[in-house]
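Work through the following exercises with the coordinates open, and try each task before reading its solution.

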Amino acid sequence: MSNSTTYDQLIFKASHNSYDRNEKPLGEQLTFHPNDPSKCGCLGLELDIWRHTSPYVPYEQMDKGFFTVAHLTPGSTTLASYFDQILAWNENNPGHYPVLVTLDIKSSGGGFDGFQDEIDTYLKLYFGEALIFKPNKLLYDDQLTLCENVIKHGWPTIDSAEMAGKFIFCLSGNKDWKKEYANTNLPVRYCFSDENKSDSDPNVVPPTTGNIVFFNFGISNSNRGVWMNTIPPFAPKHLITRTYVSNDETIWNNCINANVSAIATDKLSGHSWCKVSNTSQYTLKTQTFDKRSLKNKANNEYRTSNATEMQAVYESPRCAFIFEPLTVNNEVVYALRNAQNSEYLDCTISTMSTKVIDDCQKWRLITVNADKHEYYIQNVKNSEYMTKRASKLSDSAGSDEVYIIEQR
C-alpha cells in the first residue's frame with residue numbers, strides 16, 4: 001500500500017447483485033488471484049435488502065430476519081448470513097483494503113419511519129460497529145455538510161487506522177429512504193447514502209453541498225459520449241462514483257478512462273478484460289483533473305490564491321484553479337476553486353469564498369479565440385468581467401478582459 005493513496009483515488013472492481021453470482025461465498029468475490037487478476041478481486045459488493053418489521057430494542061436486540069436479501073421478492077435468506085461470509089473473509093485477511101458494501105433498499109412498505117435506527121441496529125449486532133468506516137470520520141468541520149467536508153478535506157489514506165481492514169456501507173435503492181437517512185442525524189449513522197445520476201443527461205454535475213458523496217450511474221455504451229464527460233469531474237472533488245451493468249470490455253475500459261471509482265459487473269470470472277490491474281485490486285485514477293491557469297493577456301499575469309494579487313510567473317498550486325462545472329438555467333458555467341487554498345473566486349473579486357453559495361461564485365466562459373484558448377470570464381451574478389486588475393471587475397469586455405486559460 002502507498003502511504004499517500006487516499007480512498008477517493010481508487011478505481012476498483014465491484015460485483016453487481018453479489019448474492020446472485022456463481023462465485024460463492026462472498027469471500028471468494030473479495031479474493032484477489034495474482035495468477036488471474038480478472039478472477040474476482042472485488043473491493044465492492046452489493047446486497048438487495050428487504051425490511052420485515054418486528055419488535056426490537058434499538059442497538060441491543062433484533063431478530064436476524066428483520067432484514068433479508070433477495071432481488072424481486074423479499075425471500076427468507078437473512079442479511080446476517082451474508083455478513084457471516086464477509087466476516088469470515090475479513091478474519092483471514094486482516095488489514096485489507098477498504099471494502100464498499102452497497103445495500104440496495106428494495107422495501108417501500110411502511111414508509112421510512114424508524115428505518116435509520118433499524119438498519120444501524122442490525123449492522124451493530126450482526127456485523128460489528130468497530131469494522132465500519134462511518135460518515136462521521138469525514139465530518140472534520142461540523143459547520144459544513146458532508147459533501148463540503150469531502151471536497152475540502154478529502155478522504156483518509158487506505159492504509160490508515162481509520163480505513164485499513166474496514167467496510168464502507170452505502171445505502172442505495174429507495175431514493176426517499178436513503179435521502180432521509182442521510183439527513184437524519186448523520187454524525188451518529190453507520191451508513192453513507194448514494195444518489196442516482198443519469199448517464200444520458202449532459203447537465204449532470206457534481207454537487208457542492210449536501211450529505212451525499214456517493215453517486216450511482218446505470219450506464220450504456222450508447223450514452224458513453226455523455227457519461228464519459230459528466231463522470232470525470234466528480235474525481236477532483238473527492239466524490240465516489242459507481243457504475244453498474246458494466247458487462248463488456250468496451251464499457252469496462254471506458255469506465256476506467258472516466259475515473260469511475262467502483263465498476264460493478266456481473267462478469268466476475270472468465271473474462272480476461274475484467275480487471276483494473278495485473279498486480280492489485282485497484283488502480284489509481286488518472287490525474288486529468290480539470291485544473292487550469294488564468295493568465296490575463298494584457299499584462300501576462302496569473303490569478304493566484306490571493307484574490308487581490310496577480311503574479312508574472314506561473315506557480316503551482318498557487319496559480320492553479322479547479323474548474324467545477326455547474327448549471328444555471330441549463331447553461332454550463334463554472335465555479336473556480338483555487339488548488340492551493342480550496343477557496344472560490346466570487347463576484348466581489350477582492351475576497352474568496354469557502355464554498356459555492358449562489359451565483360456569486362459562478363462564472364461563464366465566453367470564447368474570444370478558441371485556438372489560442374482566449375476567453376472572457378463573466379460572473380453569473382453581476383454580469384461583470386475579470387480584468388487585468390486583480391481586485392476589480394469590468395462592466396464591459398475589451399482587450400484588458402481577455403484571459404488565456406491553459407490546462408495544467
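The exercises below concern a predicted model, and they go from the whole chain to its cores and then to one strand.

**Exercise 1. Determine how compact the chain is, and describe its overall make-up.**

Begin with the secondary structure, which comprises seven helices and 22 strands. Next, compare the radius of gyration, 23 Å, with the 22 Å that the globule rule gives for 408 residues; the two values are close, so the chain is as compact as a globular protein of that length. For the extents along the principal axes, the C-alpha atoms fill a box of roughly 70 × 45 × 40 Å. Then turn to burial, taking a residue as buried when its relative accessible area is under 20%: by this criterion, buried residues account for 54% of the 408 in the chain. The exposed surface comes to about 16,600 Å², with 44% of it supplied by carbon and sulfur atoms. Finally, consider the contacts between residues at least 6 apart in sequence, of which 63% join residues that are at least 24 apart.

**Exercise 2. Locate the nonpolar cores and identify the residues that touch the most other members of the largest one.**

The general expectation is that nonpolar side chains in soluble globular proteins tend to be buried together. In this model the largest nonpolar core has 89 residues, and those touching the most other members are Tyr7, Leu47, Phe83, Trp155, Phe169 and Phe192. Helix H2 (residues 79–92) contributes the largest share of this core, namely six residues. Taking phenylalanine 83 as a worked case, and leaving out residues up to four places away in sequence, one finds that it touches Leu47, Tyr122, Leu123, Tyr126, Phe127 and Phe169. A second core, separate from the largest, holds 18 residues, among them Leu294, Leu336, Leu345 and Met352.

**Exercise 3. Explain why strand E14 (residues 320–328) is largely enclosed, and trace its pairing partners.**

First count the burial: eight of the nine residues of E14 are buried, which means that the strand is largely enclosed by the rest of the structure. Next, look at strand E11 (residues 291–296), which pairs with E14 in the antiparallel sense over three bridges; here serine 293 has alanine 320 of E14 as its bridge partner. Then follow strand E15 (residues 331–338), which runs antiparallel to E14 and is joined to it by eight bridges, with glutamate 324 standing opposite alanine 335 in E15. To finish, inspect the hairpin of E14 and E15, where two residues lie between the strands and asparagine 329 takes a positive phi near 50°.

Conventions: Residues are numbered from 1 along each chain as its sequence is written. This is a predicted model: local features need pLDDT of at least 70, side-chain atom pairs count only at pLDDT 80 or more; totals for chains, interfaces and linings use all residues. Side-chain values use heavy atoms; hydrogens and water are left out. Buried means under 20% relative accessible area, exposed over 50%, partly exposed in between (1.4 Å probe, protein chains only). Helices (H or I, at least four residues) and strands (E, at least two) are DSSP runs, numbered from the N terminus. Two strands pair if DSSP finds at least two bridges between them. A nonpolar core is a set of buried Ala, Val, Leu, Ile, Met, Phe, Trp, Tyr and Cys residues joined through side-chain atoms within 4.5 Å. Contact means heavy atoms within 4.5 Å. The radius of gyration is taken over C-alpha atoms; the globule rule is 2.2 Å times the number of residues to the power 0.38. Accessible areas come from the Shrake-Rupley method with a 1.4 Å probe; for residues, only the protein chains shown count as cover.
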